[in-house]
Structure formats: structure tokens, C-alpha cells
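Visitor: I am new to this structure and would love a close look at one part of it. Could you pick a spot, walk me slowly around it, and then show me how it fits into the rest?

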Amino acid sequence: IIEENAIAHDGCAEFHDRAVPYISRRSVRNNIWKLIEEQLGNNQKQIKGSEVLELGCSTGTFLNLADKRKAASYTGLDVSSEM
């Protein structure tokens, strides 16, 4: 299953950023960021200077959120080498 998932995502990586609503539509992306920030609650302050790990990162969609919150580092992992 993991191998098939990787193959499928490798095949769509080229057009992924144009096709996925949370990337191509700023309003959707901002709403998702807002939900993440709400879930973090008071821990938002702890992102500053922290190491962030995103599993299933695709093309690094939420890298900007980590950067905005001044994370020390960001690591994104995905089963697709193309993502």
C-alpha cells in the first residue's frame, strides 16, 4: 500500500500545487493554518525556536507556517520522493 501510494503521488507531484485547494486557494490555506494555530493554543509560542516535523508534507505546504512562527528548523517527510 505504501509503495502504491508513493507511485500515485509521484505521478501527480508536478501538478499538485495547482490542483489542491489548500495550496491554490489562499482563503482555504489561511483557514487551515487558522485551525492548526487554534489546535496549538498557547503552545504557539513554543514553535519559536523549535524543530518542526511534518509527516505527509507533500510539497511543503505548511513550511510557511513554521517559518512565520520562527521555528528553528522544519523537516518534511513524504512517501513520495517527488513531493
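Guide: Happy to! Let us begin at Lys70, which is exposed, because its relative accessible area is 55% and a residue counts as exposed over 50%. Before we go further, please keep in mind that you are looking at a predicted model. Lys70 sits in the loop that runs between helix H5 and strand E2, and this loop is the part I would like to show you closely.

Lys70 has a backbone feature to look for: its phi is positive, at about 65°, although Lys70 is not a glycine. As a general rule, most residues other than glycine have a negative phi. Keep that angle in mind, for we will come across another positive phi later on.

Now look at two other residues of this loop. Arg69 belongs to the loop between H5 and E2, and Arg69 counts as partly exposed because its relative accessibility is 24%, while the class called buried is kept for values under 20%. Arg69 also brings us to another stretch of the chain: Arg69 and Ile47 are 22 residues apart in sequence, yet their C-alpha atoms are 6.1 Å apart in space.

Ala72 lies in the loop between H5 and E2 too. Ala72 is exposed, with a relative accessible area of 55%. Setting aside residues up to four places away in sequence, Ala72 touches Gly49 and Ser50. For a sense of distance in the other direction, try Asn5: Ala72 and Asn5 are 67 residues apart in sequence, and 30 Å lie between their C-alpha atoms.

What does the loop lead into? The next element is strand E2, made of residues 73-77, which pairs with strand E1, residues 51-55, in the parallel sense over five bridges. To get from E1 to E2, the chain passes through helix H5, residues 63-68, and this β-α-β crossover is right-handed. You can follow the pairing residue by residue: Leu53 has Thr75 as its bridge partner in E2, and Leu55 stands opposite Leu77 in E2.

On the other side of H5, there is the loop between E1 and H5, and Ser58 lies there. Here is the other positive phi I promised: Ser58 has a value of about 55° although Ser58 is not a glycine. Unlike the exposed Lys70, Ser58 is buried, because its relative accessible area is 9% and buried means under 20%.

If you carry on past E2, you reach the segment after that strand, where Val79 lies. Val79 is partly exposed, with a relative accessible area of 45%. Leaving aside neighbours within four places in sequence, Val79 is in contact with Ile2, Asn5 and Ala6. Val79 and Lys48, on the other hand, are 31 residues apart in sequence, with 27 Å from C-alpha to C-alpha.

Let us also visit a helix before we step back. Ile32 lies in helix H3, which covers residues 26-40. Ile32 counts as partly exposed, at 25% relative accessibility. From the C-alpha of Ile32 to that of His16, 16 residues apart along the chain, the separation is 17 Å.

Now for the whole picture. The protein has five helices and two strands, and along the sequence they follow the pattern α-α-α-α-β-α-β. The β-α-β at the end of that pattern is the right-handed crossover from E1 through H5 to E2. Along its principal axes, the C-alpha trace spans about 40 × 25 × 20 Å.

Of the 83 residues, 25% are buried, and Ser58 is one of the buried residues. Among contacts with a separation of 6 or more, 43% join residues 24 or more positions apart. The accessible surface comes to about 6,100 Å², and carbon and sulfur atoms account for 51% of that area. As for charge, the protein has 10 positive and 12 negative charges, and their mean positions are 17 Å apart.

If you return to our loop now, you can place its residues again: exposed Lys70 with its positive phi, partly exposed Arg69, and Ala72 touching Gly49 and Ser50.

Conventions: Residues are numbered from 1 along each chain as its sequence is written. This is a predicted model: local features need pLDDT of at least 70, side-chain atom pairs count only at pLDDT 80 or more; totals for chains, interfaces and linings use all residues. Side-chain values use heavy atoms; hydrogens and water are left out. Helices (H or I, at least four residues) and strands (E, at least two) are DSSP runs, numbered from the N terminus. Buried means under 20% relative accessible area, exposed over 50%, partly exposed in between (1.4 Å probe, protein chains only). Contact means heavy atoms within 4.5 Å. Accessible areas come from the Shrake-Rupley method with a 1.4 Å probe; for residues, only the protein chains shown count as cover. Lys and Arg count as positive and Asp and Glu as negative; His and the chain ends are not counted. The place of a charge is taken as NZ of Lys, CZ of Arg, CG of Asp or CD of Glu. Two strands pair if DSSP finds at least two bridges between them. A crossover is right-handed if, with the strands pointing away from the viewer, the path from the first strand over the helix to the second runs clockwise.
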